[in-house]
Amino acid sequence: MAGSLFLGAGRVLWGRVPLACRSFSLGIPRMFHVRLTLPPPKVVDRWNEKRAMFGVYDNIGILGDFKMHPKELIKGPKWLRGWKGNELQRCIRKKKMVGNRMFLDDLHNLNKRINYLYKHFNRHGKYR
Amino acid sequence: MLQLGLNALAEEAVPQAAKPESVASAGPQVPVLRRCELPVPAPRRPVQAWVESLRGYEQERVGLAELHPEVFSTAPRLDILHQVAIWQKNFKRISYAKTKTRAEVQGGGRKPWPQKGSGRSRHGSIRSPIWRGGGIAHGPRGPTSYYYMLPMKVRVRGLKVALTVKLAQDDLHVVDSLELPTSDPQYLTELARYRRWGDSVLLVDLAHENMPQNVIAAVSGLKTFNLIPAVGLNAYSMLKHQTLVLTLQTIAFLEEKLLWHDSRYTPLYPFRLPYRDFP
């Protein structure tokens, strides 16, 4: 990359100079990576529909007679709604719940990952 | 909020924010008074708030409402409020970041060159993490969920603390009902500016069915004025909006729902399954 050339040049300068004599006038390697024009500022609408209504209905259980639970509001993959686990637990749960309809390659990779994580957690490291 | 006797309502003349007093144009009206239905524990007295009306610009003291102190003047536990706000932000979060490990990157099954003899460093596959284009060793793995639940009583207390803090900082306004004379969004913004409510207002009515059409139309045209049913109230929205406007029915609903948790038995099975004496 172009940057590495300049990095090399900067290092050559600094390598020969003792620490006490390094001064600004000798040039700073970092100067090569500073951009002189700012990008246009990112315009973030803090009051769009999603941000203004964030968190509404989170207390649907306690305020709504417990007919619903807030975990039913979560939108996401079926094996992760209202549930948390480490990587091995997530892989096992995914295999249990959607393994029968996954693509063959993905299922194979998932099985390999489960095998690897089982061996890692139960045979390697300090905590097993 | 000043402590006023309900009897002395007529003579009380201290303005809320140094605005000139003005009597309602329809002549002397009966003030709207609301007492706490639920029992207030003995050493504490109900905390009071003006009941306002949205029908006219200057109808700011249409009555007086007594609010239960355990809900609207509980200890200002900012740590609980923080816990609840962070919980609301995170428990729904599912991060979809995923990288391929060296086993998942296409290719890389064969040893690129023999172990000894070629003079190059030894490698077993071209997709190991030290290679360009190889897998990532410790990257994000698959959709991760950050779900957790705070205890129910902590979430309830967070709501109570949020209401307390809003009332204590003069950001809570009680309204008799959310009826507007027009459905013009401009009217609402002018009203909020006249009464110095702030940039963002959260209006809370009791249920979706009985919301007046004028309010729905006015609020749908505005970004920072939002209307929600009482079931949708939460600490995060209360912190996001500068002012909170509750109706009298909403206050009764909230008090009943939030105070029940102070004196309930621990659930032997989830509350969504039927109990003999609840609801």
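This talk goes through a predicted model with chains A and B, beginning with the overall form of chain B and ending with single residues.

Let me start with chain B as a whole. The secondary structure consists of seven helices and nine strands. The radius of gyration is 28 Å, whereas the globule rule gives 19 Å for 279 residues; 28 Å is well over that, so chain B is more spread out than a compact globule. If you prefer a box, the C-alpha atoms fill one of roughly 105 × 50 × 35 Å along the principal axes.

How much of chain B is buried? Of its 279 residues, 45% count as such. The accessible surface comes to about 15400 Å², and carbon and sulfur atoms account for 54% of that. On contacts, take the pairs in chain B that are at least 6 apart in sequence: 75% of those contacts join residues at least 24 apart. For the charges, chain B has 36 positive and 24 negative ones, and the mean positions of the two sets lie 25 Å apart.

Next, two strands of chain B. I will take β3 before β9.

Strand β3 of chain B covers residues 63-67, and five of its five residues are buried. Looking at the two directions, B:Gly63, B:Ala65 and B:Leu67 point one way, B:Leu64 and B:Glu66 point the other way, and all are buried. Note that a glutamate, B:Glu66, is in that buried set.

Which strands pair with β3(B)? One is β1, residues 32-34, which pairs with it in the parallel sense over three bridges. In that pairing B:Val32 stands opposite B:Gly63. Another is β2, residues 47-52, joined to β3(B) by five bridges and running antiparallel. There, B:Ala49 has B:Ala65 as its bridge partner. To put that together, β3(B) has a parallel pairing with β1 and an antiparallel pairing with β2.

Now to β9 of chain B, residues 243-247. This strand is also mostly covered, with five of its five residues buried. On one side are B:Thr243, B:Val245 and B:Thr247, on the other B:Leu244 and B:Leu246, and both faces are covered.

The pairings of β9(B) are as follows. Strand β6, residues 172-175, runs parallel to it over four bridges. Strand β7, residues 201-205, likewise pairs with it in the parallel sense over four bridges. The residue to look at is B:Leu244. It stands opposite B:Leu172 of chain B, and it is also the bridge partner of B:Leu202.

That brings me to some residues with contacts in both chains. B:Thr144 sits in strand β5, residues 144-145, of chain B. Is B:Thr144 buried or exposed? Its relative accessible area is 16%, and the cut-off for buried is under 20%, so B:Thr144 counts as buried. Leaving out residues up to four places away in sequence, it touches A:Leu80 and A:Arg90 in chain A, and B:Arg93, B:Ile94 and B:Ser95 in chain B.

B:Arg141 is in the loop between β4 and β5 of chain B. At 12% relative accessibility, this arginine counts as buried. Its contacts beyond four places in sequence include A:Glu87, A:Arg90 and A:Arg113 from chain A, and B:Lys98, B:Lys100 and B:Glu104 from chain B. So A:Arg90 appears in the contacts of B:Thr144 and of B:Arg141. For a distance back to β9(B), the C-alpha atoms of B:Arg141 and B:Val245 are separated by 44 Å, with their positions 104 residues apart along the chain.

Last, chain A. A:Leu104 belongs to helix α5, residues 104-123. Its relative accessibility is 71%, and this leucine counts as exposed. From A:Leu104 to A:Gly64 the C-alpha distance is 44 Å, at a sequence separation of 40 residues.

Two backbone angles are worth checking in your own viewer. A:Tyr57 has a positive phi of about 75 degrees although it is not a glycine. This tyrosine is found in the loop between α2 and α3 of chain A, and at 27% relative accessible area it is partly exposed. A:Asp65 also has a positive phi, near 65 degrees, and is likewise a residue other than glycine. Its place is the loop between α3 and α4, and with 28% relative accessible area A:Asp65 is partly exposed.

Definitions and conventions: Residues numbered from 1 in each chain as written. Chains lettered and ligands numbered in written order. Predicted model: local features only at pLDDT ≥ 70, side-chain atom pairs only at ≥ 80, totals over all residues. Heavy atoms only, no water. Buried < 20%, exposed > 50% of the residue type's maximum accessible area, 1.4 Å probe, protein only. Pairing = 2+ DSSP bridges. Rg over C-alpha atoms; globule rule 2.2 N^0.38 Å. Contact = heavy atoms within 4.5 Å. Areas by Shrake-Rupley, 256 points an atom, 1.4 Å probe, with all protein chains shown as cover. Lys, Arg positive; Asp, Glu negative; His and termini not counted. Charge placed at Lys NZ, Arg CZ, Asp CG, Glu CD.
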